[in-house]
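Please find below a short note for a colleague who is meeting this structure for the first time.

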Amino acid sequence: MDNKLLIAPSMLSANFGNMKADIECINRSEADWLHLDVMDGVFVPNISFGFPVMKYMAQISEKPLDVHLMIVQPEKFIREVKDLGAMMMNVHYEACTHLHRVVQQIKDAGMKAGVTLNPATPVSLLADIIGEVDMVLLMSVNPGFGGQKFIPHTLNKIKELRQLIEQTGSSALIEVDGGVNLETGKLLAEAGADVLVAGNAIFKAPDMADMIHQLKCLKK
Ligand code: DX5
Ligand code: ZN
């Protein structure tokens, strides 16, 4: 892949009163993916949006969908996520008793498989699955809400994960989600992140497309 950072705006921070305008703006921008955060009020202490709303988002989006399921038993919804036309389905390590099976099922459905780690879950736990996954999503906040403060220990986890990827010959991308802005994004790019998710930094910016451009240019 080329060396540029991939940018995935998180719809959680979009204006739900005019989602169409926000997604069309993302379509015209240099964003690479559209990040959709699904919350069930059980795995995380918040509820976001579900499939009827995501279907509408999918109809408008021209960017590949990066779906982040913050729900228990995400394997129950592989078919629904596939039917959205999603490119990537991210499930939490902490939510899957049989993670290996879930990853296979996601890939068998024709999507890329991402495994997400909460801030307190060590990278070393991925040793026996890293060869199977297309992406690891490192949470740099405790999932559940947009606009939280970046947890700096994530930078050490990126370095550790990069080492694991290189040692095992895995081709997994490293995505980071939570508290990403121009300042933390620069540190993340230097540490070796491939994909940055950003909610508030993009949707609350005076010029969304310009913010996306600036984030994209953090890695030369
Ligand atoms: C948090 C979500 C994030 C969130 C990021 O639980 O997974 O994708 O929208 O929002 P910001 O970038 O505002 O921290
Ligand atoms: Zn997310």
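The points that follow concern a metal site and two helix pairs.

1. Status of the model. The structure discussed here is a predicted model, and the remarks below should be read accordingly.

2. Donors of the zinc ion. Which protein atoms serve as donors of the zinc ion (ligand 2)? They are NE2 of His 35, OD of Asp 37, ND1 of His 68 and OD of Asp 177, at 2.0 to 2.3 Å from the ion. Along the sequence, these donor residues follow the spacing H-x1-D-x30-H-x108-D. Of the donors, His 68 belongs to strand E3 (residues 65-70) and Asp 177 to strand E7 (residues 173-177), so this pair ties together parts that are 109 residues apart in sequence.

3. Geometry of the zinc site. The site of the zinc ion (ligand 2) is octahedral, with 6 donor atoms and angles among them of 68 to 168°. For comparison, the ideal angles for six octahedral donors are 90 or 180 degrees.

4. Helices H1 and H2. Helix H1 (residues 19-28) packs against helix H2 (residues 51-60) at an angle of about 40°, and their axes are 9 Å apart. H1 is therefore oblique to H2. The crossing of the two is right-handed. On the H1 side, Met 19, Lys 20, Ile 23, Glu 24 and Asn 27 take part, meeting Val 53, Tyr 56, Met 57 and Ile 60 of H2. By class, this contact has 6 nonpolar, 1 polar and 2 charged residues.

5. Helices H5 and H6. Between helix H5 (residues 154-168) and helix H6 (residues 182-191) the packing angle is about 20°, with the axes 9 Å apart. H5 and H6 are therefore roughly parallel to each other, and their crossing is right-handed. Leu 155, Ile 158 and Lys 159 of H5 meet Leu 187, Leu 188 and Ala 191 of H6. This contact has 5 nonpolar residues, 1 charged residue and no polar ones.

Technical notes:
Residues are numbered from 1 along each chain as its sequence is written. Chains are lettered from A and ligands numbered from 1 in the order in which they are written. This is a predicted model: local features need pLDDT of at least 70, side-chain atom pairs count only at pLDDT 80 or more; totals for chains, interfaces and linings use all residues. Side-chain values use heavy atoms; hydrogens and water are left out. Axes are lines fitted to C-alpha atoms, for helices over the stretch in contact, and angles run from 0 to 180 degrees between N-to-C directions. Helices (H or I, at least four residues) and strands (E, at least two) are DSSP runs, numbered from the N terminus. Angles under 35 degrees count as roughly parallel, over 145 as roughly antiparallel, 65 to 115 as roughly perpendicular and the rest as oblique. A crossing is left-handed if the near helix is turned anticlockwise from the far one by less than a right angle, and right-handed if clockwise. Contact means heavy atoms within 4.5 Å. Ala, Val, Leu, Ile, Met, Phe, Trp, Tyr, Cys and Pro count as nonpolar, Asp, Glu, Lys and Arg as charged, and the others, Gly among them, as polar. Donors are N, O and S atoms within 2.8 Å of the metal (3.2 Å for Na, K and Ca); water is not among the atoms, so sites may look incomplete. Four donors count as tetrahedral if all angles lie between 85 and 135 degrees; four count as square planar and six as octahedral if opposite donors are over 155 degrees apart and all others between 65 and 115; anything else is irregular.
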